[in-house]
Amino acid sequence: MKMRTSLLAAAVLVAGLAVGPSALPAAASAPAASTAAPSPGPALEAAIAGLPRADATAALVRVGGKEGTWHGSSGVHDLKTGRPADPAARFRAGSVTKVFTAAVALQLAQEGRLDLDRSARSYLPELIPASYGTVTVRQLLNHTHGIPAPDFPATTVEEAYANRFRVHDPEDMVRSATAKKREFAPGERQHYLNIGYTVTGLLIERVTHDSYERQVSRRVLGPLGLRNTYFPGAGPRIAGPHNHGYQTMRLDDGTTGLRDVSVWGSTDGWAAGDIISTTADLERFTTALFKGRVVRGPLLEEMFTLPEVTDFGTGEPAAYSVGLSMKVLGGREVWGKTGGRWGYNAAIASTRDGSRTLVYSVNATDAKGQGMNRTAETIMVAAYGRP
């Protein structure tokens, strides 16, 4: 198994096991905010007040756009010292990585180096078997490919924690996934999984003859000046200032409580979910993306076009485009992407016209659950309104 290194270049998640308030110290500070326009401020301040609490230990929020700006932070840097959360901290952004991956793939499509309608197998014939020979690049990007998830050596958070330093090779993950029977015929349904973006990362490397990480750095991080955004490679630590992440799980003494999960490898995510960033960097990226400064011309519309299929699990209409997802909040379409790693939830979002952008990082104790973290949901509603 080959180990990948990277340059220092530069989730929708629900409450898991309940943790009583006595397990957490009192909030170290009230939310710190600066408002250029007051409209979103009071609701956002209320959304992150009182941290740490059972579902989250810290939150960092930035709202931008012509409708007003607001920056706030709440909670603690870590539970041991109880000192205030660092508003400029780096954090694991999880599946927000997919937006960067999609943007690079669309740039390559614009250059004629990737064809969205061409099969992934035509680029990677030695890796993609004939049983998946009709899966196109676009289907990888909008989750309509039908490829199942690869096998991982964990089914619980405790097992995942025990394997947190294991290095996963992307080609091995693709082989594991494509050895299985397809979930549905390509293009017939949508099932949100990481595997399509793992394959896309390998496609980027094949057509550029360069590493995925260097391509994202050269095409996105460098031009936008995202100096606090980087790929950790096989390193399990967050480089530089960061607020600790905690996860509810079974502890060594058999009780259920919070464990510090700040040090945890993310090679299982790679091009689908391993990026580390800050709210300021992600706000700059979101603004540039929605203004057409990252993906230019007609191909940008791929990110705002939902496939006309239904979800594999629920039968509901597709909610994911190329790189982004869409939800109607407060009566208008909001496009963006959430992400989750153990101990960390993150999101970027914007109205289509960029009039209101949102970036948050929530140090969620129930990350990677099956529904939305309560603090994260409250932030989203405060910024845009209810569904």
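**Strand β13, the cores and the salt bridges**

Modeller: W270 sits in the loop between β7 (256-260) and β8 (275-277), helices (H or I, at least four residues) and strands (E, at least two) being DSSP runs numbered from the N terminus. This is a predicted model, in which local features need pLDDT of at least 70, side-chain atom pairs count only at pLDDT 80 or more, and totals for chains, interfaces and linings use all residues. Residues are numbered from 1 along each chain as its sequence is written, and side-chain values use heavy atoms, with hydrogens and water left out.

Colleague: Is W270 buried or exposed?

Modeller: Buried means under 20% relative accessible area, exposed over 50% and partly exposed in between, with a 1.4 Å probe and protein chains only. The relative accessible area of W270 is 3%, so W270 is buried.

Colleague: How many residues of strand β13 are buried?

Modeller: Strand β13 covers residues 357-364. On one side T357, V359, S361 and N363 are buried, and on the other L358, Y360, V362 and A364. The strand is largely enclosed by the rest of the structure, because the buried count is 8 of the 8 residues.

Colleague: Which residue of β13 is the bridge partner of R62?

Modeller: Two strands pair if DSSP finds at least two bridges between them. Strand β2 (residues 56-64) and β13 pair in the antiparallel sense over 7 bridges. β12 (residues 344-351) also runs antiparallel to β13, with 6 bridges, and there I348 stands opposite V359. In β13, the partner of R62 is V359.

Colleague: Which helix gives the largest share of the largest nonpolar core?

Modeller: A nonpolar core is a set of buried Ala, Val, Leu, Ile, Met, Phe, Trp, Tyr and Cys residues joined through side-chain atoms within 4.5 Å. The largest has 70 residues, and F100 and L203 are among those with the most contacts inside it. The largest share of this core, 9 residues, comes from residues 97-110, helix α2.

Colleague: Which residue forms a salt bridge with R374?

Modeller: A salt bridge is a side-chain nitrogen of Lys or Arg within 4 Å of a carboxyl oxygen of Asp or Glu. R374 is partly exposed at 46% relative accessible area, whereas its partner is buried at 5%. The two are 319 residues apart in sequence, and the N to O distance is 3.5 Å; the partner is D55.

Colleague: Where does E301, the salt-bridge partner of R352, lie?

Modeller: The side chains of R352 and E301 meet at 2.6 Å, N to O. R352 lies in the loop between β12 and β13, so the pair ties together parts that are 51 residues apart in sequence; E301 lies in the loop between α9 (279-290) and β9 (310-311).
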